[in-house]
Amino acid sequence: MADYGQWWTAPAESEDGRLIMVTGREDVGAFRSNPRFTIRVEVTWPYEAEASGMPYEATSTMMEEVQDALQEVLHKDPVAVMTGIFTGAGERTMVFYTLSTHIFNKKLNEALAPFPLLPLQITAENDPSWEAYSEMTLARVD
């Protein structure tokens with residue numbers, strides 16, 4: 001992962017008991033205190049998993065490249081911030097908070113342009129108090 005922010009990683013379990021690696025961003029204060037960053041977007045990438053539920057090496061490498069591309073685009077134009085990554089049980093979900101789904105979609109397409117078509121599923125919801133982010137940080141083990 002390129003150096004975009006301060007991150008932590010902790011193991012967690014899926015509802016069926018499989019390992020999920022949770023990676024969260026710590027330095028989100030400037031975004032969280034901005035009343036315009038109220039939309040939580042999840043970009044989920046289902047993948048063929050190893051027995052452990054983790055991606056095969058080639059898939060993992062591409063996921064890192066995609067993640068770095070997204071972070072680079074958003075670093076240049078901070079219309080959204082990546083706040084979490086959940087990997088395991090056959091899928092990776094990247095979580096963002098943004099000020100506009102329309103602008104986020106443009107930046108997502110810009111970042112993904114060099115890559116082949118990916119099986120991404122995108123959902124968005126209003127989360128003005130960042131409740132989902134607060135819940136994710138409970139997974140952190142100090």
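## Exercises on a predicted model: spaces, one aspartate and salt bridges

The largest cavity has a volume of about 30 Å³. The structure is a predicted model, and the exercises below work through its features.

**Exercise 1.** Find which residues line the largest cavity, and state which element gives the largest share of that lining.

Solution.
- Step 1. A search of the whole structure for cavities of 30 Å³ or more finds one.
- Step 2. The lining of the largest cavity is made up of R40, T83, F86, V95, A132, Y133 and M136.
- Step 3. Two elements, β4 and α4, give two or more residues to this lining.
- Step 4. The largest share comes from α4, with three residues.

**Exercise 2.** Describe the largest pocket by its volume, its lining residues and the strands that supply them.

Solution.
- Step 1. The space in the largest pocket is about 190 Å³.
- Step 2. Its lining consists of A12, E13, S14, I20, V22, R40, E42, F86, T87, G88, E91 and T93.
- Step 3. At least two lining residues come from each of β1 (7–13), β2 (19–25), β3 (39–46), β4 (80–88) and β5 (91–98).
- Step 4. Here β4 provides the largest share, three residues.
- Step 5. Compare the two lists: R40 and F86 appear in the lining of the pocket and in the lining of the cavity.

**Exercise 3.** D127 is a charged residue; work out whether it is buried or exposed, and why R40 does not count as its salt-bridge partner.

Solution.
- Step 1. Locate D127: it sits in the loop between β6 (121–126) and α4 (131–137).
- Step 2. D127 is buried.
- Step 3. R40 is the nearest side chain of opposite charge, 4.6 Å away. A salt bridge needs the nitrogen and the carboxyl oxygen within 4 Å, so D127 has no salt bridge.
- Step 4. Look for polar partners instead. The side chain of D127 makes a polar contact with the side chain of Y97 at 2.6 Å. A polar atom of the D127 side chain also lies 2.8 Å from the backbone nitrogen of E131.
- Step 5. List the contacts, leaving aside neighbours within four places in sequence: T38, R40, Y97, A132 and Y133. Of these, R40, A132 and Y133 also line the largest cavity.

**Exercise 4.** The structure holds seven salt bridges. For the pairs D27 and R25, K76 and E72, and E110 and K107, give the distance and the exposure of each partner.

Solution.
- Step 1. D27 and R25 meet in a salt bridge of 2.7 Å, N to O. D27 is partly exposed at 29% relative accessibility, whereas R25 is buried at 12%.
- Step 2. The side chains of K76 and E72 form a salt bridge at 3.3 Å, N to O. Both belong to helix α2 (residues 57–76), and because they are four residues apart, about one helical turn separates them. K76 is exposed, with a relative accessible area of 66%, and E72 is partly exposed, at 36%.
- Step 3. For E110 and K107 the salt bridge is 3.4 Å, N to O. These two are three residues apart in helix α3 (residues 101–112), so the separation is about one helical turn. E110 is partly exposed, with a relative accessible area of 45%, while K107 is buried, at 16%.
- Step 4. Finally, R40, E42 and E125 are joined into one network by salt bridges that share partners.

Terms used
Residues are numbered from 1 along each chain as its sequence is written. This is a predicted model: local features need pLDDT of at least 70, side-chain atom pairs count only at pLDDT 80 or more; totals for chains, interfaces and linings use all residues. Side-chain values use heavy atoms; hydrogens and water are left out. Buried means under 20% relative accessible area, exposed over 50%, partly exposed in between (1.4 Å probe, protein chains only). Lys and Arg count as positive and Asp and Glu as negative; His and the chain ends are not counted. A polar contact is a pair of N or O atoms within 3.5 Å; within protein, one must be able to donate a hydrogen and the other to accept it, and residues adjacent in sequence count only if both atoms are side-chain atoms. Contact means heavy atoms within 4.5 Å. On a 1 Å grid over the protein atoms alone, a cavity is a set of points where a 1.4 Å probe fits but cannot get out, and a pocket is an open set with protein on both sides within 12 Å along at least five of seven lines; lining residues have an atom within 4 Å of a point. Grid points are joined across faces, edges and corners, and a volume is the space filled by probe spheres set on the points.
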